[in-house]
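Take a walk through this model, from its surface to its interior. Keep the structure in view as you read.

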Amino acid sequence: MEKIFKLKESGTTVRTEIVAGLTTFMTMAYIIALNPNLLTNFDGGSALWNGVFLATCIASAIAMFVMAFAANKPFALAPGMGLNSFFAVVVANIAGLTGMTYVASFQTALIIILIEGIVFIVLSVLNVREKIVDAIPLGVRLGIAPAISLMLMNIGLGSNAGVYAEGNGFTTPFYVMRDFFGALTPSVLQEGMGAQYADMVLTVVTMFVGLFVMVILARNGVKAAVLLGMLCASIVYWVGSFAFLHTNPFESLATASFLPPFADMASTTLFKFNFAGLADVGMFTVITLIITFCMIDMFDTIGTLVGTASQVGMVDENGNMPKMREALLADAVGTVAGACTGTSTVTTFIESTAGVEAGGRTGLTALTTGVLFLACIFIAPVAAVIPAAATSSALIYVGVLMFKGLSKIDFNDIDQVLPAALMVIGMPISGSIGHAIGVGMIAYTILKVFTGKARDVSVLTYVISALFLIKFFLIV
């Protein structure tokens with residue numbers, strides 16, 4: 001282990017790395033079931049769901065193995081949130097446009113993901129993506145970590161909670177700061193949320209128990225603070241489910257199947273590329289979709305890598321992360337593997353910050369998480385019993401820690417403040433790291449041009465800003 005991952009050089013141990021990998025896994029295990037839910041929500045049947053489920057586990061593991069052995073970094077990868085929702089919409093639109101079945105449309109859209117992954121492999125090998133990282137201005141770089149922190153807290157305090165209101169015939173996501181701590185009285189809340197009111201209260205209690213356990217343990221120097229906090233939060237939720245919700249959180253284990261549905265994947269997604277259907281979509285549309293997926297994925301990954309690495313000092317004096325090319329190559333290989341097995345774009349997850357905070361510093365963390373993803377082919381029902389509120393605790397805690405990145409910004413320099421401020425507010429609102437970076441790049445470029453400092457902007461920065469403008473205003 002020492003020879004492969006250089007643990008002593010990174011100031012870590014095998015135990016710390018494994019705990020960090022397990023912590024990362026617990027914070028992002030939700031994607032194993034959520035991804036097939038999103039990608040097959042419109043149609044497709046159980047066979048397609050099973051195929052996407054296996055593809056999610058396999059492609060994520062492959063990407064993390066590349067991250068572990070090629071880059072020796074502790075970052076975890078999986079099909080990206082936002083990108084998978086966009087992919088599902090694209091599949092539905094292809095089905096509506098061509099009249100093909102959802103499965104056939106799905107197999108057509110996988111070709112777009114395959115092309116995107118191949119493009120990224122070429123760009124990574126040629127160092128083009130690394131040069132794009134270098135072209136990101138200082139103000140944008142410094143704004144990434146605190147912007148991600150607010151995005152993490154927004155996810156943790158809201159959409160990750162897993163509670164939905166039942167009122168007015170709609171199911172709307174519950175947000176702690178709006179609903180639980182809002183001006184509404186408990187009686188009004190209870191009427192609006194129906195049977196979910198008790199679940200909301202238990203969720204909030206679980207969330208904050210986990211958060212404060214993490215903080216207290218961390219203050220006392222406990223390395224596994226995040227993992228232990230999630231465990232305590234899970235126990236609170238399990239006990240509360242029995243006592244107050246009168247439900248058995250382990251009931252699904254009794255009827256769960258632990259046999260991997262490889263036959264379903266072979267019949268629906270494994271190397272099932274529908275090239276005939278691609279011609280019906282239209283070349284211009286295909287090219288537009290490839291560019292869109294490329295831009296969102298590229299800057300989501302760059303933002304996560306730069307933000308997380310800077311949080312724990314994995315960057316040099318110029319803010320550059322060693323082995324950035326290899327790290328970027330991991331998500332490119334993962335994306336190709338995802339296309340071949342049957343899932344949307346694979347990208348670096350911001351939940352990696354939980355494992356990094358738990359002490360993960362080398363590829364052994366990523367390797368551990370990857371092995372656990374592969375194991376979920378057999379034990380997915382076990383991972384499903386971890387409550388969303390417990391992972392929310394970890395996301396909020398890591399978000400709070402990353403927020404201190406604001407202190408690195410020179411608030412007397414408007415060139416730094418403007419891009420960073422727009423990113424900090426834009427990232428949680430848009431839900432996209434890539435889009436927020438685009439706004440920051442555009443703001444920086446415009447500011448420089450109209451203050452007589454156009455020569456300070458690199459040619460590549462101009463190109464990136466222009467591409468984002470095209471993306472925002474011309475590409476739907």
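A nonpolar patch lies on the surface of this predicted model. Its members are L422, V439, V459, L460, V463, L467, L469, I470, F472, F473 and L474. Together they offer about 960 Å² of accessible area. Which helix gives the largest share of the patch? Helix α23, residues 459–473, supplies eight residues. F473 is one of the residues in helix α23. At a relative accessible area of 65%, F473 is exposed, because the cut-off for that label is over 50%.

Now step back to the whole protein. The secondary structure comprises 23 helices and four strands. The protein has 476 residues, and buried residues make up 55% of them. The accessible surface comes to about 19600 Å². Carbon and sulfur atoms hold 68% of that surface. Contacts can also be sorted by distance along the chain. Take those with a separation of 6 or more: 80% of them join residues 24 or more positions apart.

Go inside next. The largest nonpolar core has 122 residues. Which of them touch the most other members? They are M67, F87 and F106. F87 has contacts beyond its neighbours within four places in sequence: L39, F106, A109, L110, I113, F293 and S344. F106, then, is both a contact of F87 and another of the three core residues just named.

L39, also in contact with F87, leads to helix α3. This helix spans residues 30–39. Its buried residues are I31, I32, N35, P36 and L39. Where do these buried residues fall when seen down the axis of α3? They lie within an arc of 120°, so they line one face of the helix.

The salt bridges come next. The structure holds three. One of them pairs D331 with R129, with the closest N and O atoms 3.1 Å apart. This pair links distant parts of the chain. D331 sits in helix α17, residues 324–341. R129 sits in helix α7, residues 128–134. The two are 202 residues apart. Are these partners buried or exposed? D331 is buried, with a relative accessible area of 0%. R129 is buried too, also with a relative accessible area of 0%.

K448 forms a salt bridge with D415. Here the closest N and O atoms are 2.8 Å apart. This pair, too, links distant parts of the chain, 33 residues apart. K448 belongs to helix α22, residues 433–449. D415 belongs to helix α21, residues 414–430. Both K448 and D415 are buried. K448 counts as buried because its relative accessibility is 8%, and the cut-off is under 20%. D456 also forms a salt bridge with K448, the closest N and O atoms being 3.8 Å apart. Which residues do the shared partners join? D415, K448 and D456 form one network.

Single residues show how segments meet. Start with G399, in helix α20, residues 388–402. G399 counts as buried, at 0% relative accessibility. In sequence, G399 and I148 are 251 residues apart. In space, their C-alpha atoms are 7.3 Å apart. Leaving aside neighbours within four places in sequence, G399 is in contact with S149, L152 and M153.

T368 gives another view. It lies in helix α19, residues 363–383. T368 counts as buried, at 13% relative accessibility. T368 and F65 are 303 residues apart along the chain. Their C-alpha atoms are separated by 9.1 Å. Not counting residues up to four places away in sequence, T368 touches E17, I18, G21 and L22.

Finish in a loop. N274 is found between α14 (262–268) and α15 (275–281). Is this loop residue buried or exposed? N274 is buried, with a relative accessible area of 16%. What does N274 contact, leaving aside its neighbours within four places in sequence? Its partners are M100, A104, Q107, T108 and I111.

Notes:
Residues are numbered from 1 along each chain as its sequence is written. This is a predicted model: local features need pLDDT of at least 70, side-chain atom pairs count only at pLDDT 80 or more; totals for chains, interfaces and linings use all residues. Side-chain values use heavy atoms; hydrogens and water are left out. Buried means under 20% relative accessible area, exposed over 50%, partly exposed in between (1.4 Å probe, protein chains only). The arc is that of the directions from the helix axis to the C-beta atoms. Contact means heavy atoms within 4.5 Å. A nonpolar core is a set of buried Ala, Val, Leu, Ile, Met, Phe, Trp, Tyr and Cys residues joined through side-chain atoms within 4.5 Å. Patches are made of residues with over 30% relative accessible area and no salt bridge: like charges are joined within 9 Å, nonpolar side chains (Val, Leu, Ile, Met, Phe, Trp, Tyr) within 5 Å. Accessible areas come from the Shrake-Rupley method with a 1.4 Å probe; for residues, only the protein chains shown count as cover. A salt bridge is a side-chain nitrogen of Lys or Arg within 4 Å of a carboxyl oxygen of Asp or Glu.
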